[in-house]
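Student: I am new to this model and would love a close look at one part of it. Could you take me through the charged pairs, and then through the strands around them?

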Amino acid sequence: NMRKEIRLDFLGEGVDSAVLVKWHKKAGDSVQKGETLCEVETYKASFQVEAEDKGFLAEAKYSEGDLVNLPAVLGYIESNE
C-alpha cells in the first residue's frame with residue numbers, strides 16, 4: 001500500500017494560512033482521483049482540495065474549523081495499487 005500526502009501549499013500572494021471549512025470525506029471513505037476532499041477558506045477566497053490519487057482517506061490531520069498554516073499536510077490517502 002502507498003500512502004500519499006494531501007498537501008495544501010500555495011494559495012496566493014501573501015496568504016499564509018487557511019481555515020478548513022468542511023471535510024467531504026471521513027477516514028475510511030473511498031476516494032476517486034479528482035474528487036473533492038475538503039474545502040478551505042482564506043481571507044481572499046475559498047478553495048476545494050481535490051484528491052490527486054484514488055484509494056481511501058486514511059487520516060485527516062485537521063478538523064473542521066481548524067486554522068491551517070501553509071504549507072501543510074491535511075491528511076493522507078492510502079492507495080491499494
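How many salt bridges does the count come to?

Tutor: Happy to help! This is a predicted model, in which local features need pLDDT of at least 70 and side-chain atom pairs count only at pLDDT 80 or more, while totals for chains, interfaces and linings use all residues. Residues are numbered from 1 along each chain as its sequence is written, and side-chain values use heavy atoms, with hydrogens and water left out.

The count comes to seven salt bridges, where a salt bridge is a side-chain nitrogen of Lys or Arg within 4 Å of a carboxyl oxygen of Asp or Glu. One of them joins Glu78 to Arg3, with the closest N and O atoms 3.2 Å apart. Glu78 lies in strand 8 (residues 72-79) and Arg3 in strand 1 (residues 2-8), so this pair ties together parts that are 75 residues apart in sequence. A strand here is a DSSP run of E with at least two residues, numbered from the N terminus.

How covered are these two partners? Glu78 is buried, at 14% relative accessible area, whereas Arg3 is partly exposed, at 45%. Buried means under 20% relative accessible area, exposed over 50%, and partly exposed in between, with a 1.4 Å probe and protein chains only. The pair also belongs to a wider group: Arg3, Glu59 and Glu78 are linked in a network of salt bridges.

Next, look at Asp9 and Arg7, a salt bridge whose closest N and O atoms are 2.9 Å apart. Asp9 is partly exposed, with a relative accessible area of 37%, and Arg7 is partly exposed too, with 38%.

Then there is Lys25, which forms a salt bridge with Glu35, the closest N and O atoms being 3.0 Å apart. Lys25 sits in the loop between strand 2 and strand 3 (30-31), and Glu35 in the loop between strand 3 and strand 4, so the pair links distant parts of the chain, ten residues apart. Lys25 counts as buried, at 16% relative accessibility, while Glu35 is partly exposed, at 27%.

Now to the strands. An open sheet of four strands has the order 5-4-2-7, and its pairing is antiparallel. Its edges are strand 5 and strand 7, each of which pairs on one side only. Two strands count as paired if DSSP finds at least two bridges between them. As general background, strands of a sheet pair through backbone hydrogen bonds, either parallel or antiparallel.

Start at the strand 5 edge. Strand 4 (residues 36-41) and strand 5 (residues 46-50) pair in the antiparallel sense over five bridges. A hairpin joins strand 4 to strand 5 through four residues, and Glu41 stands opposite Ser46 in strand 5.

At the strand 7 edge, three bridges join strand 2 (residues 17-23) to strand 7, and the two run antiparallel. Here Val19 has Leu67 of strand 7 as its bridge partner. Strand 7 covers residues 67-69, and Leu67 is exposed, with a relative accessible area of 52%.

Val19 and Leu67 meet again in another feature: together with Val21 they form a nonpolar patch on the surface, with about 220 Å² of accessible area together. Patches are made of residues with over 30% relative accessible area and no salt bridge, with like charges joined within 9 Å and nonpolar side chains (Val, Leu, Ile, Met, Phe, Trp, Tyr) within 5 Å. Accessible areas come from the Shrake-Rupley method with a 1.4 Å probe, and for residues only the protein chains shown count as cover.
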